[in-house]
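Reader: I should like to examine how the descriptive terms applied to this model are justified. May we proceed term by term, setting each value against its criterion?

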Amino acid sequence: MNIVVLVKQVPDTATERKLSAADSTLDRASADGVINELDEYAIEEGLRLKEAHGGEVTILTMGPDQASDSIRKALSMGADKAVHLVDDALHGSDAVQTSYALAQVLKKIGFDLAVLGSESTDARTGVLAAALAERLGVPQLSLASKVEIDGSTVRIQRITDYGYDRVEGSLPAVLSVVEKINEPRYPSFKGIMAAKKKPVEKLSLADAGIDPALVGLAGATTQVVDFADAPPREAGTVVKDEGDGGAKLAEFLAAKKFV
Amino acid sequence: MSDAPGYGLADEHESLRRAVREFARAEVAPVIGDYYERAAFPYDIVAKMGAMGLFGLPFPEEYGGMGGDYFALCLALEELARVDSSVAITLEAGVSLGAMPVYRFGTEEQRGRWLPDLCAGTRLGAFGLTEPGGGTDAGATRTTARLDGGQWVIDGTKVFITNSGTDITALVTVTAVTGRGPEGRPEISAIVVPSGTPGFTVGQKYSKVGWSASDTNELVFADCRVPADHLLGERGRGYAQFLRTLDEGRVAIAALSVGLAQGCVDECLRYSAERTAFGRAIGGYQAIQFKIADMEARAHTARLAYYDAAARMLAGLPFKKEAAIAKLVASNAAMDNARDATQVFGGYGFMNEFPVGRFYRDAKILEIGEGTSEVQRMLIARELGVGPEGSRAS
Ligand SMILES: Cc1cc2nc3c(=O)[nH]c(=O)nc-3n(C[C@H](O)[C@H](O)[C@H](O)COP(=O)(O)OP(=O)(O)OC[C@H]3O[C@@H](n4cnc5c(N)ncnc54)[C@H](O)[C@@H]3O)c2cc1C
């Protein structure tokens, strides 16, 4: 099975993250880049599916040069090879444009199953899986907490507020995962050494057949108009129990329309 | 940034360091306090360390190892100890004392029999040298082993043996007197005793000042019989063999010490920015700044010392003196930093629930285990040729 895992490099959520004042895009120099957390689960799931069914795991990343760190890590976890879509013209692309660019690459390299995290910790739009499936004309199996593959049928448990749905589709497909699905492995030293020799193919827009007019900040369909720091958290309300604590709590909750 | 030592590490070493750093933060930090409080062995964490290949780091792939080197092990120990020393010493003892002698001195058959499980971390190895009557004076070993009908019969007691009594302990390599030389000097050999061998009992579990989540036991051997082929290395070479084991182990303990020293800096950086007194963060006071600056200087220089010793070891150069220096200064740095970090934390530093409280309790043993600081000074002086016979260097 030809499994492609989409991996995005994002600023480390453990450090302070900033937007650049110049064009309201992410200031990538201000924080360390790491693999988007949910994408680690996607990599792990890709590896497990390969271990169970055979085939190959390819990492697909769109991002600037420094994203190669994240690609290396994904390879050291056990992926076989990587494709890195890197081009200055991609800077500032929004979710719609990104889905176009990545779909072009997926068409070019081919896939049976494209796996990705259900959202990224930076932009948090959570629409990429759906947009990719639409552009590629294949089923989308989203928010998977469990995956089974049987021939060309994919069955998942899709988490919901009330439990889970069972969803079934056929390959080729796009699969997005949630963190319940597995526990990602840490790279071993053997994996780290092996990763040094694994092929990483760099693609420019031209290589991937991407129309430059359809990507980049200038043509983005959404725009960050303004941004500000989150306001500091206000002090909470302390309810003192003077025999009527229960009633006061109920009043408070009722005032906020919780009860 | 304090997160990135740099020093021009090779890519693969730097990647490993980062992976272990992430592991320690995500898998060890949130849960270790509870194990420590209960003095319980962290089987779950050890299993995850095994899955990540840490126990196989310096061993060739043919035995289930990772094909790395001893320096890779040191980096892993440093990053683990930056968060917690109990898990770090479990790895150190498992690899450097448990598996390494089997790899270095074992026959092909012995390696094949024991190394795969030890490399996978599914089983642990231990090394029993210290006895109730003394650890420093290893030549005074009392434990005996004699050949009887194709078996070694072992009698004696070992104390303070790390990793020797867990549910997953596979074996303990013990040093024992197997005869007398011409002038009555004891002939010391190393013999592998698998866990569960009749006559081998794991005695009391100690109540320790620190390293509470690591396993340390007294071992009693009474008419304990193992096959003759459990002799590790040459008969009569047990003493020489463990000296080599200890030279390497010193570099590993130095790395572990640097981790603890750096962990103190990490904690103080965070706390001194958050904690306020008299209307400002305590990090604004020079008294605190200087403490942290000293702590960083100690961690940094101690790291250089162990990097140097490890580099010489890997290059096949003599490294006895450098290993002793690294262990001496690094354990010292750990002790000093733990004391200062506790001071920076004030009363909270004395609470077990804060990492610095654990660092304080875990630091002292570093000046004792695998050769006391006095021993390190003796070794350095000896290498310099200082002694009753006068200086070799002059
Ligand atoms: C938690 C823990 C784990 C351990 N794990 C292991 C293990 O896995 N395997 C193992 O074999 N051992 C282990 N040990 C034992 C440890 O290595 C010894 O405690 C250490 O080597 C010191 O030996 P000792 O305790 O007998 O002290 P002693 O040798 O009695 O020394 C007492 C004091 O005298 C000093 N001294 C001794 N001789 C001289 C001299 N000639 N000149 C100057 N000063 C001297 C020492 O430096 C020390 O200060 C462990 C110990 C602890 C506490």
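Author: We may begin with secondary structure: helices are DSSP runs of H or I with at least four residues, and strands are runs of E with at least two. The model is a predicted one. Under these criteria, residues 236–384 of chain B are 76% helix and 3% strand, with end C-alpha atoms 28 Å apart. UniProt, in an unreviewed entry, lists this span as "domain: Acyl-CoA dehydrogenase/oxidase C-terminal".

Reader: What are the helix and strand contents of residues 11–121 and of residues 126–224 of chain B?

Author: Residues 11–121 of chain B are 75% helix and 0% strand, and their end C-alpha atoms lie 25 Å apart. UniProt records that span as "domain: Acyl-CoA dehydrogenase/oxidase N-terminal", again in an unreviewed entry. Residues 126–224 of chain B are 0% helix and 57% strand, with 17 Å between the end C-alpha atoms. The UniProt feature placed there is "domain: Acyl-CoA oxidase/dehydrogenase middle", also from an unreviewed entry.

Reader: How do you know where helix H6 of chain B stands against the span expected at 1.5 Å a residue?

Author: H6(B) has 37 residues, and the distance from its first C-alpha to its last is 53 Å. The expected span takes 1.5 Å times one less than the number of residues, which gives 54 Å for H6(B). The two values are close.

Reader: Why is H6(B) said to be largely enclosed by the rest of the structure?

Author: A residue is buried if 20 or more other C-beta atoms lie within 10 Å of its own. Of the 37 residues of H6(B), 27 are buried, so the helix is largely enclosed by the rest of the structure. One residue of helix H6 of chain B is B:Val265. B:Val265 has 23 C-beta neighbours inside 10 Å and therefore counts as buried. The C-alpha atoms of B:Val265 and B:Ala297 are separated by 10.0 Å, although these residues are 32 apart along the chain.

Reader: What makes B:Ile191 and B:Tyr306 notable in the largest nonpolar core?

Author: B:Ile191 and B:Tyr306 touch the most other members of this core, which has 187 residues. Its largest share, 15 residues, comes from helix H6 (residues 238–274) of chain B. Neighbours within four places in sequence aside, the contacts of B:Ile191 include B:Trp152, B:Val174, B:Val226 and B:Leu232. In soluble globular proteins, nonpolar side chains tend to be buried together.

Reader: How do you know that domain 1 of chain B touches domain 3 of chain B?

Author: Contact requires C-beta atoms within 7 Å. By that criterion, 25 residues of domain 1 of chain B are in contact with 23 residues of domain 3 of chain B. On the domain 1 side, helices H1 (11–38), H3 (70–81) and H4 (85–105) of chain B each supply at least two residues. By class, that side has 15 nonpolar, three polar and seven charged residues. The centres of the two domains, taken over C-alpha atoms, are 20 Å apart.

Reader: What makes the phi angles of B:Phe160 and B:Phe278 worth remarking upon?

Author: Most residues other than glycine have a negative phi, and most peptide bonds are trans. B:Phe160 has a positive phi of about 60° although it is not a glycine, and phi of B:Phe278 is near 50°. B:Phe160 lies in strand E3 (residues 151–162) of chain B, whereas B:Phe278 lies in the loop between strands E9 (276–277) and E10 (280–281) of chain B.

Reader: Why is B:Phe160 called buried or exposed, and why B:Phe278?

Author: B:Phe160 has 20 other C-beta atoms within 10 Å and is therefore buried. A residue is exposed if the count is 12 or fewer; B:Phe278 has 7 and is therefore exposed.

Reader: Why is A:Lys196 placed in its burial class?

Author: A:Lys196 has 12 other C-beta atoms within 10 Å, so it is exposed. A:Lys196 lies in the loop between H5 and strand E11 (200–203) of chain A. The C-alpha atoms of A:Lys196 and A:Arg72 are separated by 7.7 Å, the two residues being 124 apart along the chain.

Reader: What makes up the contact between the chains?

Author: Chain A contributes 10 residues and chain B contributes 15 residues. Helix H5 (residues 189–195) of chain A supplies four residues, the largest share of the chain A side.

How values were computed:
Residues are numbered from 1 along each chain as its sequence is written. Chains are lettered from A and ligands numbered from 1 in the order in which they are written. This is a predicted model: local features need pLDDT of at least 70, side-chain atom pairs count only at pLDDT 80 or more; totals for chains, interfaces and linings use all residues. Two residues are in contact if their C-beta atoms, placed from the backbone, lie within 7 Å. UniProt positions are given in the numbering used here, feature names are shortened, and annotations may be inferred rather than shown by experiment. A nonpolar core is a set of buried Ala, Val, Leu, Ile, Met, Phe, Trp, Tyr and Cys residues joined through C-beta atoms within 7 Å. Domain bounds come from an automatic or database domain assignment. Ala, Val, Leu, Ile, Met, Phe, Trp, Tyr, Cys and Pro count as nonpolar, Asp, Glu, Lys and Arg as charged, and the others, Gly among them, as polar.
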